[in-house]
Amino acid sequence: MDKSEFEFDLFDPQQTQNMWDKMQRMRQECPVAQPAEGFFYTSRYQDTQRVFRDSRTFSCEGGFRAAGVVIPDDELFLAEMDAPLHPRLRKLLLKSFNPGMAKGAESFTQSYIEQLLSALKSKGGGDIVGEVSARVPLAVTGHVLGIPLSDIAELSAQFFALLHTDWPAYGVKDREHPDVGRDIAGSAPELAEYFDRMIDARRSGKVQNDDLVSQMVQADIEGDQLSTERIRSLAINFLSAGLSTTNLISNLYYRMIESDDFARTLRDDPDLIPVAVDESLRFEPPVLFLFRTAMHDAEIADTAIKPGDRLVTGIASANRDESVFERANEFRLNAADPEHLAFGAGPHLCLGNHMARMEGRVAVEEFFRQFAPGQVQLEPSYKYHLMPHFLEYGPERLDVVVRADA
Ligand code: HEM
């Protein structure tokens, strides 16, 4: 077999978002492909799940940062932590991130989406990605954290500005230019101050609430409280991790608007809405793959892995593994499947999975409440383009026309 056939540029969205046929061939012919020197892409379900689950062999270290960058311990995101810190923090956070959190946020989510869809309706249409699906996750995660909706627009601007600084890649103060802040407080001082005020108000008892920031303030790990930097970083971690929900909502909306049959099936049987949410996550996962680093020698599907090798967990391919999912290359609403890998697996399984599922379901339910069948149509000149991001999958825009009520 000529393995070079399966080389691809992991950082080029044109390639990573359009390789369903290549993935199918990889699963059959080359289950561990080498897209580039030092990178190993697992295309089958079992292998991908194993890499996610075995966090001792396949570490999160390095995460999405530039090579060699060491992040201050208190500013690490969960998905870049290993044991022993990760399981300790995770155990504590799981007390909050449970189905009850999603249930508690449901009525806020309903009324917020209703408000966004109704605004779209009164204008006769617009870009449903920018005006609805991209706005839901920040507002809902913000609500859970204890951020009032009236602060969200301002805070979102600061948050997106932070994502466009050097901070995601470097996350530390530049040692050669110590005046140039690249940690969170240096990169986004107003955002850091906002969270620090929230945290102080809860520490001092000025604000007494049961929101997530309050829960983190009250939590302790073996008698030690979480530091202000840790709570602030985790809050920003939750806001940014939740952003993938935009793609989930947009993918569902696109399918509903584009296919009358699909929309009718869900309208006629609302019990199928949660099924459609999970099928969307399987069939077109918002996150296409993630990275790990091998800590020890290992073997996956007869391929030798050496310490330092980078593993690419092929979520999108694993979710269409024909040996696991019936009619894997179709969008189905009637299959009894094992769990898809859209939320990862094992010790780092998405903490927000209950929240994401609730947001996806409510987005569909509210759409049906707001609009009659066929009332929302794609603009005649609309062209489908995916978000130009190498590991994301969802439309960049969805320009729609909303007809006046009959
Ligand atoms: C459809 C939407 C979402 C998708 C597809 C998604 C996907 C994922 C995936 C694949 C991981 C595993 C990361 C890894 O193994 O390296 C993950 C982790 C995580 N997700 Fe999500 N996520 C979504 C929504 C959310 C939401 C709404 C939140 C929070 C409100 C959230 C919070 C997190 C956190 C905190 C982690 C890190 C968990 C850990 O490392 O222990 N996610 N997510």
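Start with the sheet: three strands form an open sheet in the order β4-β12-β11, and their pairing is antiparallel. Keep in mind that this model is predicted.

Select residues 125-127 for β4 and 376-378 for β11. These are the edge strands, and each of them pairs on one side only. On average, and with direction ignored, neighbouring strands in this sheet are turned by 25 degrees against each other.

Next, add residues 399-402, which form strand β12. Between β4 and β12 there are three bridges, in the antiparallel sense. Which residue of β12 stands opposite glycine 126? Show valine 400 in β12 to see the partner of glycine 126.

Now turn to the helices that lie across the sheet. Select residues 99-123, helix α5. Helix α5 lies across β4 and β12 and runs at about 120 degrees to β4. Then select residues 245-258, helix α14. This helix lies across β11 and β12, at about 95 degrees to β11.

Leave the sheet and select two other helices: α16, residues 272-283, and α18, residues 353-370. Their axes come within 9 Å and cross at roughly 125 degrees. An angle between 115 and 145 degrees counts as oblique, so α16 is oblique to α18. The crossing of the two helices is right-handed.

Finally, show the side chains where they meet. From α16, pick Ile273, Pro274, Val277 and Asp278. From α18, pick Arg357, Gly360, Arg361, Val364, Glu365 and Phe368. Sorted by class, this contact between α16 and α18 holds five nonpolar residues, one polar residue and four charged residues.

Note on methods:
Residues numbered from 1 in each chain as written. Predicted model: local features only at pLDDT ≥ 70, side-chain atom pairs only at ≥ 80, totals over all residues. Heavy atoms only, no water. Pairing = 2+ DSSP bridges. Helix = DSSP H or I, 4+ residues; strand = E, 2+ residues; numbered from the N terminus. Axes fitted to C-alpha atoms, helices over the stretch in contact; angles between N-to-C directions. Contact = heavy atoms within 4.5 Å. Parallel < 35°, antiparallel > 145°, perpendicular 65-115°, else oblique. Left-handed = near helix turned anticlockwise from the far one by under 90°. Nonpolar A, V, L, I, M, F, W, Y, C, P; charged D, E, K, R; others polar.
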